[in-house]
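Visitor: I have a few minutes before my next gel. Can we go through this one quickly?

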Amino acid sequence: MSAIVLRESVATDEQLVDLWVHGKSKTTARYYRSEAVRFLGFVGKSLSLVSLADLQGFADELDNLGLQVSSQARSLSVVKSLLTFGHKIGVLAFNVGAVLEMPKVKDKLSERILSESEVHSMIALESHLRNKLILKLLYGAGLRVSELCSLKWCDVKSSGESGQVTVFGKGGKTRAVLLPVSLYRDIQNLRGDRSHDEPVFMSRKNHGHLDPSMVMRIVRAAAARVGIEQNVSPHWLRHCHASHSLDRGAPITLVQTTLGHSNVATTSKYLHARPNDSSARYLAV
């Protein structure tokens with residue numbers, strides 16, 4: 001469809017937002033819509049009339065609300081994405097968001113990487129078989145919580161002496177993750193007589209897929225059990241997978257492939273978050 005046809009078929013900002021969120025996950029679409037509504041409510045005008053001054057005013061408003069810098073940046077990033085999309089398909093004549101300066105956010109990745117002993121303790125002290133396997137897969141396979149929750153038994157296949165899980169990840173990309181032999185055996189022990197199309201991790205309430213919010217509670221309970229006071233999320237175990245495997249000598253391109261990063265630069269952040277050496281160690285202080 002040409003930009004001219006698209007422009008003529010999109011009569012309202014609501015229609016543009018519908019096109020923008022189409023194909024995104026329910027959680028992402030819900031968040032994107034809420035941020036679009038907040039921005040449109042602030043500017044009180046059509047997106048086609050929005051100026052750079054409007055964007056800067058919205059940025060100031062977010063700051064005045066006392067939001068954390070990371071929350072401000074996330075909200076502005078969503079609005080910039082909407083404006084970029086509108087310009088790309090020809091609905092908006094200009095992309096005023098392209099020149100908006102984003103707030104600088106401190107990189108807190110290092111704070112979200114637990115030690116190997118902490119992760120192993122979380123797993124060891126989890127007595128529930130299903131929950132223990134959830135922790136093992138989040139860490140051992142580096143899965144995102146959405147990837148873990150959407151797994152079906154048809155996604156679990158044998159591979160040589162071990163097995164693999166096929167996950168449908170971020171950006172609509174599918175990847176296969178080869179598992180350690182012990183982890184694959186644990187998964188097989190959980191299966192029992194489950195059918196091919198049933199979820200690997202089933203909700204007790206509706207027998208459908210386990211909700212990510214439940215996985216969050218499982219991870220936080222496991223962290224609290226070993227005395228970790230931070231608000232550990234499932235994604236922290238993915239961070240730990242990347243950092244610990246690199247520390248143990250895994251090639252960075254292999255870690256990139258396993259995690260499904262589109263760019264090796266994303267994976268390389270883990271090298272900088274937990275460096276093995278620095279010039280500070282060469283000084284007498």
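Visitor: Phe58, buried or exposed?
Guide: Phe58 is buried, at 1% relative accessible area. Buried means under 20%, exposed means over 50%, and partly exposed falls in between, with a 1.4 Å probe and protein chains only.

Visitor: Before I lean on that, what kind of model is this?
Guide: The model is predicted: local features need pLDDT of at least 70, side-chain atom pairs need 80 or more, and totals for chains, interfaces and linings use all residues. Residues count from 1 along each chain as its sequence is written, and side-chain values use heavy atoms, without hydrogens or water.

Visitor: OK. And Phe42, how exposed?
Guide: Phe42 is partly exposed, with a relative accessible area of 36%.

Visitor: How many aromatic pairs does a search of the whole structure find?
Guide: Four. Rings of Phe, Tyr and Trp (its six-membered ring) pair if their centres lie within 6.5 Å; planes under 30 degrees apart are stacked, over 60 edge-to-face, the rest tilted.

Visitor: Why is the pair of Phe42 and Phe58 called tilted?
Guide: The planes of Phe42 and Phe58 meet at 55°, so the pair counts as tilted. The ring centres are 5.6 Å apart.

Visitor: What does that pair tie together?
Guide: Phe42 sits in helix 3 (residues 26-43) and Phe58 in helix 4 (residues 52-64), so the pair ties together parts 16 residues apart in sequence. Helices (H or I, at least four residues) and strands (E, at least two) are DSSP runs, numbered from the N terminus.

Visitor: Which residues do ring pairs link into a cluster?
Guide: Trp20, Tyr31 and Tyr32.

Visitor: Zoom out. How many helices and strands in the protein chain?
Guide: The protein chain has 13 helices and three strands. Of its 285 residues, 39% count as buried. The C-alpha trace spans about 65 × 60 × 35 Å along its principal axes.

Visitor: Now helix 10. What should its 14 residues span?
Guide: Helix 10 (residues 212-225) should span 20 Å at 1.5 Å a residue. The expected span is 1.5 Å times one less than the number of residues. The end C-alpha atoms of helix 10 are 20 Å apart, which agrees.

Visitor: Which residues of helix 10 are buried?
Guide: Val215, Ile218, Val219, Ala222 and Ala223.

Visitor: Why say those buried residues line one face?
Guide: Looking down the axis of helix 10, its buried residues fall within an arc of 130°, so they line one face of the helix. The arc is taken from the directions from the helix axis to the C-beta atoms.

Visitor: What is exposed on the other side of helix 10?
Guide: Arg217 and Ala224 are exposed there.

Visitor: Back to Ala222. How many residues apart in sequence are Ala124 and Ala222?
Guide: They are 98 residues apart in sequence, with C-alpha atoms 9.4 Å apart in space. Ala124 lies in helix 6. Ala124 counts as exposed, at 55% relative accessibility, whereas Ala222 is one of the buried residues of helix 10.

Visitor: Different spot. Where does Ser25 lie?
Guide: Ser25 lies in the loop between helix 2 (13-21) and helix 3. Ser25 is partly exposed, with a relative accessible area of 41%.

Visitor: And how far apart in space are Ser25 and Ser146?
Guide: 9.4 Å, C-alpha to C-alpha. In sequence, Ser25 and Ser146 are 121 residues apart.

Visitor: Which helix holds Val37?
Guide: Helix 3, and that helix also holds Phe42. Val37 counts as exposed, at 59% relative accessibility. Val37 and Val79 are 42 residues apart in sequence and 9.9 Å apart in space, C-alpha to C-alpha.

Visitor: Last one. Where is the place of Leu271?
Guide: Leu271 is in helix 13 (residues 264-273). Leu271 counts as partly exposed, at 42% relative accessibility.

Visitor: By how much are the C-alpha atoms of Leu271 and Gln256 separated?
Guide: By 12 Å. Along the chain, Leu271 and Gln256 are 15 residues apart.
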